[in-house]
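Could you walk me through this protein model in plain words? A short briefing with bullet points, grouped by topic, would be ideal for a first-year student.

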Amino acid sequence: MPLDGNLKKILIVDFGSQFTQLIARKIRELGVYCEIISHNKLKKIKNFETNIKGLVLSGGPLNVYENKKVKFNNKLLKLGVPVLGICFGHQIISKELGGRVKSSKYREFGLAEVQEIKKSKLTKDFFSKGKNNVWMSHADQVIKLPKNFQAIAKSENSKLCIIENLEKKMYGIQFHPEVSHTNKGNQILKNFVFSICKIKRNWSSSDQKIKLINEVKQLVGNSKVICALSGGVDSSVVAKLLSNAIGKKLICIFVNTGLLRKNEETQVINTFKKRFKINLIYVNAENIFISKLKNITDPEKKRRIIGNLFIKIFEKYAKKIKNVKFLAQGTLYPDIIESKSVTGSQTSKIKSHHNVGGLPKKMNLKLVEPLKYLFKDEVRKLGLKLGLNREIISRHPFPGPGLAIRMPGKITKEKIKILKEADNYFIQSLKDNNLYDKIWQAYAALLPVKTVGVMGDNRTYEYLCLLRAITSEDGMTADFYQFKKSYIQSISNTIVNNIKGINRVVYDVTSKPPSTIELE
Ligand code: XMP
């Protein structure tokens with residue numbers, strides 16, 4: 001079920017590109033509603049919805065001649081709506097409509113210059129002096145134009161880099177306009193959406209407030225809803241939205257695992273119980289989590305223990321509340337997009353154990369997932385509209401298993417205490433230096449290694465603290481953040497001078513891949 005069956009939309013067909021969600025976010029940022037559908041799901045569709053006003057075919061890892069894997073539903077190209085093919089999408093349009101695609105002699109990966117051959121609506125205000133720098137990522141290229149198409153631009157390794165069929169309003173581009181490395185890439189999407197598809201602005205996530213509140217009211221009626229509140233952005237927005245919709249019929253359960261960030265439990269209680277007067281059951285389960293994790297060093301075991309225990313505790317408290325029919329979850333659009341790529345690998349991110357899997361079935365609960373058509377940045381805007389403060393809304397992501405996976409090796413109370421302090425100093429200093437919002441995620445970790453140091457005239461033998469700060473679009477890939485040397489030096493001094501137990505600080509400079517964002 002789409003968010004709103006009547007909304008005019010752009011449909012994005014996903015062929016497994018890591019950038020598909022980015023296309024959707026960019027189009028929504030333009031104020032236009034769009035949805036993503038996997039090309040696998042399209043194979044058998046006979047009748048497409050009439051409110052589709054344009055199609056974008058994404059990139060992907062395959063080549064167009066892998067017929068078994070790409071069963072293209074060519075009804076798509078007969079809908080009579082404008083089509084924009086990006087990278088693989090460009091190649092599949094070309095192949096389907098009589099052009100030719102072949103493996104390039106040189107893979108083109110990274111920045112490339114494109115040169116304008118002919119004016120087009122798609123490239124209005126895109127070129128300056130007939131040139132532009134764009135981001136390429138392809139091994140195949142279109143070598144023969146499909147029927148009734150013309151070339152609009154070329155690059156050194158892709159002579160048919162932008163093509164159009166003016167009459168049918170079909171366009172193909174070899175590069176990626178959705179990535180920030182493509183100069184003025186947004187202009188291409190803007191031209192496609194507004195001038196070519198002629199769709200009007202119809203979407204703003206913050207406008208969804210009233211609509212979502214009404215939907216929740218209707219769905220829930222007089223029943224009670226429980227919600228696992230974690231203090232993170234998604235569950236906070238869900239809780240506030242539901243509280244606006246159904247007031248005291250919402251009961252939040254907040255389990256303190258003892259693995260939260262410093263003072264997190266106080267902040268959650270102050271915000272939701274004291275300020276917003278939401279029914280909140282606070283469960284302090286620190287001791288039980290620590291005892292179950294005693295001597296456990298295997299990362300997967302740690303995750304399993306925490307996940308299972310969390311569900312058990314949540315269930316125990318939820319069962320005490322009578323007449324509960326619904327469980328509210330902070331599921332987001334990226335969680336529900338069927339983004340199994342064509343190569344079979346899952347492109348969606350790891351799910352939180354706070355999406356309390358298994359419970360609805362066991363307890364006979366129905367799900368309320370009011371955010372399931374929103375991206376994270378849209379959830380943030382909605383949260384601000386609902387009156388949540390910026391501190392909660394702009395918080396970096398925090399994994400369900402918490403500090404346990406930022407402490408390789410054994411988990412002890414002493415180590416948790418040290419780690420909470422180090423993390424707090426790091427995050428606070430990022431805020432003080434106006435760096436926090438430039439970074440997608442940052443944290444301190446405590447490595448299971450002690451090293452020798454010297455402080456004053458004394459020898460020390462203490463833990464090693466690792467700092468990680470990354471930039472990312474969606475957590476799937478990441479680069480380490482390049483701090484100035486002076487900043488790194490000062491945070492290292494602050495941590496070592498203020499925290500007994502740490503005498504050395506290192507900064508993680510690996511990207512993802514090959515590393516992951518978390519340590520375990
Ligand atoms: P990795 O370490 O896989 O992390 O590169 C990618 C993103 O996912 C977060 N993460 C989790 N989030 N439950 C969550 O809710 C989890 O078990 C979990 N594991 C990793 C991580 O913090 C990063 O933002």
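**Briefing on the model**

At 78% relative accessibility, K68 counts as exposed (exposed means over 50% relative accessible area, buried means under 20%, and partly exposed lies in between, with a 1.4 Å probe and protein chains only). This is a predicted model, in which local features need pLDDT of at least 70 and side-chain atom pairs count only at pLDDT 80 or more, while totals for chains, interfaces and linings use all residues. Residues are numbered from 1 along each chain as its sequence is written, and side-chain values use heavy atoms, with hydrogens and water left out.

**A positive patch on the surface**

- K68 joins K43, K44 and K71 in a positive surface patch.
- Along the chain, K68 sits in the loop between strands β3 (52-57) and β4 (83-86); helices (H or I, at least four residues) and strands (E, at least two) are DSSP runs, numbered from the N terminus.
- A patch is built from residues with over 30% relative accessible area and no salt bridge, where like charges are joined within 9 Å and nonpolar side chains (Val, Leu, Ile, Met, Phe, Trp, Tyr) within 5 Å.
- For the charges, Lys and Arg count as positive and Asp and Glu as negative, while His and the chain ends are not counted.
- The place of a charge is taken as NZ of Lys, CZ of Arg, CG of Asp or CD of Glu.
- Accessible areas come from the Shrake-Rupley method with a 1.4 Å probe, and for residues only the protein chains shown count as cover.

**Salt bridges**

- How many salt bridges does the count come to? The count comes to 18 salt bridges, each being a side-chain nitrogen of Lys or Arg within 4 Å of a carboxyl oxygen of Asp or Glu.
- One of them pairs D377 with R25, and their closest N and O atoms are 3.3 Å apart. Because D377 lies in helix α12 (residues 376-385) and R25 in helix α1 (residues 20-29), the pair ties together parts that are 352 residues apart in sequence.
- D377 is partly exposed, at a relative accessible area of 23%, whereas R25 is buried at 16%.
- E518 and R406 also meet through their side chains in a salt bridge, at 2.9 Å from N to O. This pair links distant parts of the chain, 112 residues apart: E518 is in the segment after β18, and R406 is in the loop between α13 (390-393) and α14 (413-432).
- Both E518 and R406 are buried.
- Within helix α5 (residues 208-220), E215 and K211 lie four residues apart, about one turn of the helix. Their side chains form a salt bridge of 3.0 Å, N to O.
- E215 is partly exposed, with a relative accessible area of 35%, and K211 is partly exposed at 25%.
- A network of salt bridges links K9, E35 and E49.

**Cysteines**

- A disulfide is a covalent bond between the sulfur atoms of two cysteines.
- Here a disulfide is counted when a pair of cysteine sulfur atoms lies within 2.5 Å, and the count comes to zero disulfides.
- Why is C227 not bonded to C252? The sulfur of C252 is the closest cysteine sulfur to that of C227, but at 4.4 Å it is too far for a bond.
- C227 is buried, with a relative accessible area of 2%, and C252 is buried at 0%.
- Another cysteine, C87, has a phi near 55°, a positive value in a residue other than glycine.
- C87 lies in the loop between β4 and α3 (88-96), and at 5% relative accessibility C87 is buried.

**Other backbone details**

- N295 is a residue other than glycine with a positive phi, near 65°. Where is N295? N295 is in the loop between α8 (286-292) and α9 (299-319).
- The peptide bond from K512 to P513 is cis, with omega near -20°, and P513 is found in the segment after β18 (502-507).
- P513 and P514 are joined by a cis peptide bond too, with omega about 10°. P514 is in the segment after β18.

**A pair across the sequence**

- A328 is part of strand β13 (residues 324-328) and is buried, at a relative accessible area of 4%.
- From A328 to P370 is 42 residues in sequence and 8.1 Å in space, C-alpha to C-alpha.
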